[in-house]
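Trainee: Could you take me through one part of this protein closely, the central strand and what is packed around it? I would like to follow it residue by residue.

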Amino acid sequence: MLLILAKLRKKNEFLVIIVTQIRINFIFAPMNRDDNTTKKMDEKLQGTSLDFVKNDKNAKKVFIESYGCQMNMNDSEIVASILLKQGYNTTTDIDKADLILLNTCSIREKAETTVRNRLKHFNKLKQQKPKTKIGLMGCMAERIKEKILDEEKLVDLVVGPDAYRDLPNLINELEDGRKAVNVLLSKEETYADIEPVRLNSNGVSAFVSITRGCDNMCTFCVVPFTRGRERSRNPESILEEIQTLKDRNFKEVTLLGQNVDSYLWYGGGLKKDFDKQPTDVKQKAVDFAKLLDLAATKFPEIRIRFSTSNPQDFSEEVIKTMAKHRNIAKHIHLPVQSGSDRILQLMNRKHSVAEYKNIIDTIRKHIPDVAISQDMIAGFSTETEEDHQATLDLMDYVRYDFGFMFAYSVRPGTLGAKKMEDDVPHHIKLRRLREIIDKQQAHSLERMQNFIGKEVEVLIEGNSKKSDQHWMGRNSQNAVVIFEKTGDLQSGDLAIVKVTDCTSATLFGDFVRKT
């Protein structure tokens, strides 16, 4: 997922737009979206510490605070699993922690500012408890390691996204009184054999990582430089992880990757090396459409989602697989970023507007009731009013169900930062962003109104945020549904709900029956 969280200040209010592109997105919690924003992020989730069932034999505690995308959350689960075997239980009480880990996002400046402030806060706590160790994980690790480790002396440990297996050795170095660093990127690491612990899970939905890294060099995105080249997990390990989740009574999984449609397993190795393989190896390869079919066929009782997609890799076979299986959610997040071919070229996107429209038409031909969501960037380098209008025109053509929108900001290390001037004035970016948001809200309301009077199947995730007398769940199209508690229902159940009302973000209805 390729976008950034944007805040728009207007009349002393903040409109928060969340970006759920895996390359750039921010974690968001299941929520009651009965408001007028396209999608609202609960920023309280950012920096929430993570907890899970402890091992009574473990004597030490680790406090993990996580920022950023679903991939970061999944990485925190992997780290927790590794440390659990090294004698560390997690804790939500930072005062009890022997080790404090901050899992970081490098997508936008605000995220980095927040992380630095948190590290300064942690160091004040360390003054009271000198033996406590502080570590920085994730996407910021490689880029600012020297500054925060040696110059500012804010951390004791720095570990990059591909080096979590080395945490036991790094911790041993800390215990010996040395600083510890490993930010090397890997061409093979997928953590396929490590079962993540499910941190603060609702017990219903879980993420399953299928790829790591990214080969796309979009000029606004830093992920290829912080997470390395693209590689895929063995499909058997993916199916085994889903089986474990099924055994634990999870009812929904999201196949996760920087670009899931680019998934390709041919026995291991980087995707870019696939063309060098012999014919027999290529014939046995598993692409994303095959993986999706394998998962949906083996687990018909599990609802399967995936995120995120890239137009250049999104195939008709994936669409046909979705249409074939009832348990694959009818929602596709298909980032476009701009409706201008000129801007798409500057972004190094490998698709044109015409090609994107053709994909949309093909999707709706095979899956008429599909929900489609977008990522949009307002005010990219050299963007003109004509370019901006082209984006609004594309939105009118597609009529997205919801979207993730932000104003462009240059990130250090990206190709855009090196080669392009950020020349669109800030106030113009915000005005264009506002126009994109307003149009998306209108389209979202229109799409949600289409559900009124219809029955939808809802996977119950838990209580509504606003009332413990109401359930909150999501339908196949990923719309939040709120309905009054009645009958013998619990989290994880599927319920048929007749929709009676809606906002641009939430459906409301009456319980009909349990399925």
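Mentor: Happy to; here is a walk from the strand outwards to its surroundings.

First, how to read it: this is a predicted model, in which local features need pLDDT of at least 70 and side-chain atom pairs count only at pLDDT 80 or more, while totals for chains, interfaces and linings use all residues. Residues are numbered from 1 along each chain as its sequence is written, and side-chain values use heavy atoms, with hydrogens and water left out.

The pLDDT, the predictor's confidence in each residue from 0 to 100, averages 87 over the protein, and 88% of the residues score at least 70. Over residues 1–51, however, the pLDDT is below 50. Where pLDDT is low, the predicted coordinates should not be read in detail.

Now to strand E12, residues 252–256. Helices (H or I, at least four residues) and strands (E, at least two) are DSSP runs, numbered from the N terminus. Five of the five residues of E12 are buried, where buried means under 20% relative accessible area, exposed over 50% and partly exposed in between, with a 1.4 Å probe and protein chains only. Glu-252, Thr-254 and Leu-256 point one way from the strand, and Val-253 and Leu-255 the other way.

E12 has strand partners too; two strands pair if DSSP finds at least two bridges between them. Strand E9 (residues 205–209) runs parallel to E12 and is joined to it by five bridges, with Phe-207 partnered by Thr-254. E12 also pairs with E15 in the parallel sense, again over five bridges, and here Leu-255 stands opposite Phe-306.

Leu-255 and Phe-306 bring us to the largest nonpolar core, which has 65 residues. Such a core is a set of buried Ala, Val, Leu, Ile, Met, Phe, Trp, Tyr and Cys residues joined through side-chain atoms within 4.5 Å. Both are among the residues with the most contacts inside this core, as are Phe-314 and Ile-363. Helix H8 gives the most to the core, with six residues.

Ile-363 leads on to helix H9: leaving aside neighbours within four places in sequence, its contacts (heavy atoms within 4.5 Å) include Phe-314 and Ile-319. In H9 (residues 316–324), Val-318, Ile-319, Thr-321 and Met-322 are buried. Seen down the axis of H9, these buried residues fall within an arc of 160°, so they line one face of the helix; the arc is that of the directions from the helix axis to the C-beta atoms. Their cover includes H8 (288–298), strand E15 (303–307), strand E16 (331–333) and helix H11 (353–366).

Back on the E9 side, look at Arg-198, in the loop between strand E8 (180–182) and E9. Arg-198 is buried, with a relative accessible area of 14%. A polar atom of the Arg-198 side chain lies 2.7 Å from the backbone oxygen of Phe-207, the residue that partners Thr-254 in E12. The side chains of Arg-198 and Glu-241 are joined by a polar contact of 2.6 Å. A polar contact is a pair of N or O atoms within 3.5 Å; within protein, one must be able to donate a hydrogen and the other to accept it, and residues adjacent in sequence count only if both atoms are side-chain atoms.

One last detail follows E15: the peptide bond from Ser-307 to Thr-308 is cis, with omega near 0°, and Thr-308 sits in the loop between E15 and H9.
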